[in-house]
Amino acid sequence: EVMSRVRDLMMMLDRNGEVLQMNASARHALGYGISDALRFPVERIIPGVRLPAGDSAVECDAVMLSAGGERIPVQLTMNPRFNQDGDLIGYIITAYDMRARLAFELQNVERQLAEERHQDQSQLYRMVLERSRLGFLHMDASQRILPEHCRACAVFFGIETLTGLDFSDVVLASWEAEERAQVRTMIDNLFREERTWKIEALLKLLPTSVTTNGRLISLQYEFTEPSTSSGNRTLLVILEDRTETVRQESKLGLDNARLSMVVNMLLHREAFLEFLDEYRGWFSIAQKTCQAGGKNPLELIQDMYRNIHTFKGGFLRYGMRLSASRLMQYETLLAGLIARVPTVDDLRMAMAQCEPEAWISEDMQTLRDTVGEELLDARARVEIDRADLERIVTDVEACIRRSSSDPEALRGMLY
């Protein structure tokens with residue numbers, strides 16, 4: 001139902017990257033009927049695609065192939081999907097069809113060319129990019145920055161005059177000297193190359209982003225027609241400050257994780273509170289066992305490791321990823337002690353660093369701030385009337401609509 005209401009192209013994949021489902025927009029654009037069997041690798045539709053290796057969404061430009069072989073330029077957002085135990089179960093790919101946007105941009109460029117055909121190409125690039133608030137600069141085969149660069153570049157790199165400076169020394173100043181030398185070699189090869197396919201391949205190897213002065217700057221490259229009296233080609237570099245965009249995406253991901261945790265707790269309140277009591281009581285029992293003796297340090301630490309591993313899975317099940325991450329760090333410590341056969345001093349050190357309440361404090365504070373103390377008290381009787389429930393549903397639905405990451409898990413938990 002969610003996929004059917006999305007206007008962008010959307011596909012659901014299994015963990016192996018096979019297509020399980022498409023929404024109506026994707027079927028229409030790619031030429032697949034409702035009765036067509038899917039269950040084929042996503043590479044058939046998106047050649048060369050790399051699915052996310054971690055737990056974060058990945059955005060990129062790509063080309064999709066329709067059933068009839070048509071190439072469709074798109075912007076992809078790929079979100080991994082996990083079950084309540086934190087195991088990867090598949091992916092959701094959302095694709096924005098760029099054809100209309102590219103056609104519109106092409107019309108604008110053609111109109112500007114007609115109106116200003118007395119200007120050479122470098123001047124036109126400057127006009128368009130200055131208006132779009134992007135940065136740009138040119139370099140020739142010497143890799144020195146030419147006078148045709150915009151004011152934004154000076155702001156990005158904190159240098160008033162860039163003309164005549166080495167491109168790698170300015171843009172890649174934070175990189176190691178060896179890495180900058182590798183980029184210079186690739187650019188040298190670009191200017192020597194005449195074959196179009198080889199030029200395109202080399203352009204894809206150049207850096208796509210740099211961090212400078214606390215900014216995340218994305219980089220795109222284009223060869224321009226000769227615009228100098230010598231008739232030499234120049235390499236145009238388009239720069240965009242992505243700092244705020246990435247910050248907003250990161251904030252949205254955190255908000256989504258908090259919402260997931262709160263919904264999980266509300267749905268399974270009694271079981272969650274029982275689990276929390278068991279977790280809090282475990283450390284007291286562990287302390288008494290260690291003080292009583294009777295077991296050697298290896299057996300005690302192995303018991304602690306098994307319990308920590310179990311509780312980590314429980315916190316993941318309730319969406320408390322920060323708490324689970326803290327337990328995982330302690331779990332890694334215990335694993336290292338077990339591997340070397342721990343001593344009594346190792347056991348004391350492990351007990352001293354065991355802080356169950358501190359590990360969950362941030363997630364618990366988020367729950368208190370969101371649902372209040374009463375819902376976290378197992379003795380309290382909580383009643384929610386129909387009007388309150390409908391208001392909560394409306395609020396969560398609004399969060400789902402604003403979210404750029406996978407909304408289906410939240411919607412499923414809500415209902």
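This tour of a predicted model moves from one helix and its two faces to a set of salt bridges.

**Helix α8**

Begin by selecting residues 196-205, which make up helix α8, and colour I199, L202 and L203, the buried residues of this helix. Looking down the axis, you should find that these three cover an arc of only 105°, which puts them on the same side of α8. The general background is that an α-helix has 3.6 residues a turn, so residues three or four places apart point the same way.

Next, add W197, K204 and L205, which are exposed and sit on the face of α8 turned away from its buried side. To see what the buried residues of α8 pack against, show helix α7 (177-192) together with the strands β8 (215-224) and β9 (234-241).

**Salt bridges**

The model holds 16 salt bridges in total, and the following stops visit some of them.

Select R99 and E70, whose side chains form a salt bridge with the closest N and O atoms 2.8 Å apart. This pair links distant parts of the chain, since R99 belongs to helix α3 (residues 99-115), while E70 lies in the loop between β3 (58-65) and β4 (71-82), and 29 residues separate them. R99 counts as partly exposed at 30% relative accessibility, and E70 is likewise partly exposed, with a relative accessible area of 39%.

Return now to helix α7, and select R184 with D169, a salt-bridged pair in which the closest N and O atoms are 2.6 Å apart. Here too distant parts of the chain are linked, with R184 in helix α7 and D169 in helix α6 (residues 167-171), 15 residues apart. R184 has a relative accessible area of 23% and is therefore partly exposed, and D169, at 40% relative accessibility, also counts as partly exposed.

Then select E331 and K312, whose side chains meet in a salt bridge at 3.0 Å from N to O. The two residues lie 19 apart along the chain, E331 in helix α12 (residues 321-339) and K312 in helix α11 (residues 297-317), and this pair also links distant parts of the chain. Are these two partners buried or exposed? Both E331 and K312 are buried.

For the last stop, select D166, D169, R180 and R184 together, because these residues are joined into one network by salt bridges that share partners, a salt bridge here being a side-chain nitrogen of Lys or Arg within 4 Å of a carboxyl oxygen of Asp or Glu.

Note on methods:
Residues are numbered from 1 along each chain as its sequence is written. This is a predicted model: local features need pLDDT of at least 70, side-chain atom pairs count only at pLDDT 80 or more; totals for chains, interfaces and linings use all residues. Side-chain values use heavy atoms; hydrogens and water are left out. Buried means under 20% relative accessible area, exposed over 50%, partly exposed in between (1.4 Å probe, protein chains only). Helices (H or I, at least four residues) and strands (E, at least two) are DSSP runs, numbered from the N terminus. The arc is that of the directions from the helix axis to the C-beta atoms. Contact means heavy atoms within 4.5 Å.
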